[in-house]
Amino acid sequence: MIAFKHIFKSFGEKEVLNDVSHEMQTGKCNLIIGTSGSGKTVLQKCLVGLFEPNSGEISYDGTSFTDMTAENRKELRQQIGMLFQGSALFDSMTVEQNVMFPLDMFSKLKHAEKHKRVNEVLDRVNLVDANKKFPAEISGGMKKRVGIARAIVLNPKYLFCDEPNSGLDPQTSMVIDKLIYDITKEFNMTTVINTHDMNSVMEIGENILYMDQGKKEWTGNNEQIIFSKNELLNEFIFASKFLQDAKDMRMLEAKGIISDNRDMEDIISNGEEIK
Amino acid sequence: MDFFNQFGRYLLMLKGMFSRPENSKMYWKEFMHQCSDIGIGSLGIVAIISFFIGAVSAVQTAYQLVSPIIPKTTIAQIVRDTVILEFAPTLVCIVLAGVIGSKIASELGNMRVSEQIDALEIMGINSKAYLVMPKIAAALLTIPMLVIVAMVLGIWGGRLAGTASNILSTDTFDRGLLENFVPYNVTFALIKSYTFAFIISSIPAFYGYYVKGGALEIGRSSTKSVVISCIMILLADYILSQLLLNPPTS
């Protein structure tokens with residue numbers, strides 16, 4: 001579990017995070033959502049130590065990250081995997097070398113064992129026949145998969161994903177979401193995902209933190225988000241008419257006004273107005 | 001104020017490079033890779049420049065020495081000393097500031113904006129030690145070697161041009177090379193080349209490592225790093241010449 005309390009962060013005069021507290025739960029997909037500029041990326045970077053908060057407390061499974069020495073942080077980071085928005089693969093290395101890099105740096109395995117482990121994780125992310133390709137030669141979705149493979153190759157306890165679906169088509173986005181979800185369950189990791197993607201929120205949002213202008217605005221899960229009365233959250237999540245209609249439908253379902261797809265088809269074919 | 005801020009960050013970057021390597025083998029591999037990139041990668045341009053500079057200096061010296069009283073061996077002496085003292089270390093390093101400096105700045109800048117440096121930090125790797133240190137160490141090892149190659153090729157170029165233009169015979173040139181030779185000049189040139197190697201590698205590394213923004217900023221910081229490296233090379237050249245060739249008398 002990753003817990004953070006009263007996080008404040010500003011850049012010069014601009015306050016980016018204002019008293020944010022929350023807990024990211026083990027074995028779950030923890031989502032940080034919010035509009036652009038709401039502070040979610042800064043929060044994630046504070047959690048992994050790429051930014052230092054002005055004040056506040058961050059702890060990993062009860063151990064204070066804020067008070068850790070640089071040496072201890074380095075050790076902890078070997079248990080952290082991160083998937084970056086642009087994948088951040090090393091351009092000069094092949095897919096295989098990228099995934100093998102953390103093993104080369106931190107493990108004492110023999111080359112054959114490392115090779116086996118690399119193939120295992122590449123297989124796990126459904127990436128075959130790409131070992132010898134360079135990042136410039138593969139698609140965006142494949143890059144994300146390589147990024148995930150590199151992030152999990154050392155069996156981390158914590159996985160951070162910064163907008164894993166950005167730049168991907170909806171179908172590939174769902175594949176990546178499912179992959180992250182499955183890996184989280186399989187390895188019982190604490191996964192923290194920064195996202196704008198509403199599909200991700202609805203599909204894998206087990207613990208959601210909604211931020212607005214640097215403040216924690218709402219927390220809950222993908223079931224509760226439908227019924228939330230928080231205006232800011234509803235404006236953000238159900239911004240389009242399509243999503244608003246979907247929400248209305250789900251609420252009617254929940255109230256028992258409509259029970260299944262057949263009822264819905266009846267409503268549509270009969271032209272009944274939904275209120 | 002901005003200068004002191006930048007200079008402070010530069011010193012902090014240099015301090016940050018010194019830490020226990022996470023895996024010595026990987027650091028060694030990176031160091032060898034940089035030696036190949038900086039040393040072997042620049043050998044061609046260094047060879048061409050130094051050869052022609054030596055040749056041109058022989059022809060131009062002969063053109064200016066019109067007095068029959070001055071022996072022809074003087075041409076070889078002037079070519080030797082100008083190549084060893086100035087052309088090989090300074091001119092070659094100014095060219096290398098463009099070749100190597102822009103490469104280091106743009107490589108690190110690209111790694112910064114595409115979050116590759118952040119990825120290294122997240123893995124628990126000291127990115128300054130892993131990315132910057134091998135570049136500086138490789139430059140300190142290979143650039144003095146390139147300068148020695150430049151000295152040899154420059155003098156050889158002068159010899160070849162001198163004989164090809166019938167300015168002087170090879171025997172006269174060789175005799176001139178041995179007259180009044182001061183071995184300290186080579187030591188001085190090597191001191192300069194070590195200083196310039198540090199400038200050429202560390203300043204572009206600083207500008208690349210701390211770049212912010214996108215492709216435009218990478219280009220800007222790369223250009224800025226080359227310009228500042230060149231200015232620093234000329235400044236260091238003057239200071240070293242004053243200190244080592246013309247020490248203050250008490």
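Which residue in β8(A) is the bridge partner of Cys29(A)? Keep that one in mind as you click around; this is a predicted model, and the tour starts in chain A.

**Stop 1: chain A as a whole**

Select chain A and colour it by secondary structure. You should find 10 helices and 10 strands. The radius of gyration is 21 Å, close to the 19 Å that the globule rule gives for 275 residues, so chain A is as compact as a globular protein of that length. Along the principal axes, its C-alpha atoms fill a box of roughly 70 × 45 × 30 Å. Of the 275 residues in chain A, 36% are buried.

**Stop 2: the sheet**

Now hide everything in chain A except its strands, and look for an open sheet made of 6 of them. Reading across, the order is β6-β7-β8-β3-β9-β10, with mixed pairing. At the edges sit β6 (80-83) and β10 of chain A, each pairing on one side only. Turn the view a little: neighbouring strands in this sheet are rotated by 20 degrees against each other on average, ignoring direction.

**Stop 3: β3 and its two neighbours**

Select residues 29-34 of chain A, which form strand β3. On one side, β3(A) pairs with strand β8 (residues 190-195) in the parallel sense, over 5 bridges. Here is the answer to the opening puzzle: Cys29(A) has Thr191(A) as its bridge partner in β8(A).

On to the other neighbour. β3(A) and β9(A) also run parallel, joined by 5 bridges. Click Ile32(A) and you can find its partner in β9(A), Leu209(A).

**Stop 4: β9 and the hairpin**

Is strand β9 (residues 207-212) of chain A mostly covered or mostly open? Mostly covered: 5 of its 6 residues are buried. Follow the chain onward to strand β10 (residues 215-220), which runs antiparallel to β9(A) and is joined to it by 5 bridges. One pair to pick out is Met211(A) with Lys216(A) in β10(A). Between the two strands of this hairpin there are 2 residues, and Gln213(A) takes a positive phi near 50 degrees.

**Stop 5: a helix across the sheet**

Bring back residues 140-152 of chain A, helix α5. This helix lies across β6 and β7 (158-162) of chain A, running at about 175 degrees to β6(A).

**Stop 6: over to chain B**

Select chain B and colour it the same way. How many helices and strands does chain B have? It has 8 helices and 0 strands. The C-alpha atoms of chain B fill a box of roughly 70 × 45 × 35 Å along the principal axes. Buried residues account for 40% of its 250 residues. Among contacts in chain B between residues at least 6 apart in sequence, 88% join residues at least 24 apart.

**Stop 7: where the chains touch**

Show both chains together. The contact takes 16 residues from chain A and 13 residues from chain B. On the chain B side, the largest share, 5 residues, comes from helix α4 (residues 116-122). Sorted by class, that side has 5 nonpolar, 4 polar and 4 charged residues.

**Stop 8: the core**

Last stop: the largest nonpolar core, with 122 residues. Among those with the most contacts inside it are Met82(A), Val99(A), Ala88(B) and Ile200(B). Helix α3 (residues 73-113) of chain B gives the largest share of this core, 16 residues. Zoom in on Ile200(B), and its contacts include Cys93(B), Leu96(B), Ile143(B) and Ser229(B).

How values were computed. Residues are numbered from 1 along each chain as its sequence is written. Chains are lettered from A and ligands numbered from 1 in the order in which they are written. This is a predicted model: local features need pLDDT of at least 70, side-chain atom pairs count only at pLDDT 80 or more; totals for chains, interfaces and linings use all residues. A residue is buried if 20 or more other C-beta atoms lie within 10 Å of its own, exposed if 12 or fewer, and partly exposed in between; C-beta atoms are placed from the backbone. Helices (H or I, at least four residues) and strands (E, at least two) are DSSP runs, numbered from the N terminus. Two strands pair if DSSP finds at least two bridges between them. The radius of gyration is taken over C-alpha atoms; the globule rule is 2.2 Å times the number of residues to the power 0.38. A nonpolar core is a set of buried Ala, Val, Leu, Ile, Met, Phe, Trp, Tyr and Cys residues joined through C-beta atoms within 7 Å. Two residues are in contact if their C-beta atoms, placed from the backbone, lie within 7 Å. Ala, Val, Leu, Ile, Met, Phe, Trp, Tyr, Cys and Pro count as nonpolar, Asp, Glu, Lys and Arg as charged, and the others, Gly among them, as polar. Axes are lines fitted to C-alpha atoms, for helices over the stretch in contact, and angles run from 0 to 180 degrees between N-to-C directions. Lists of a residue's contacts leave out its neighbours within four places in sequence.
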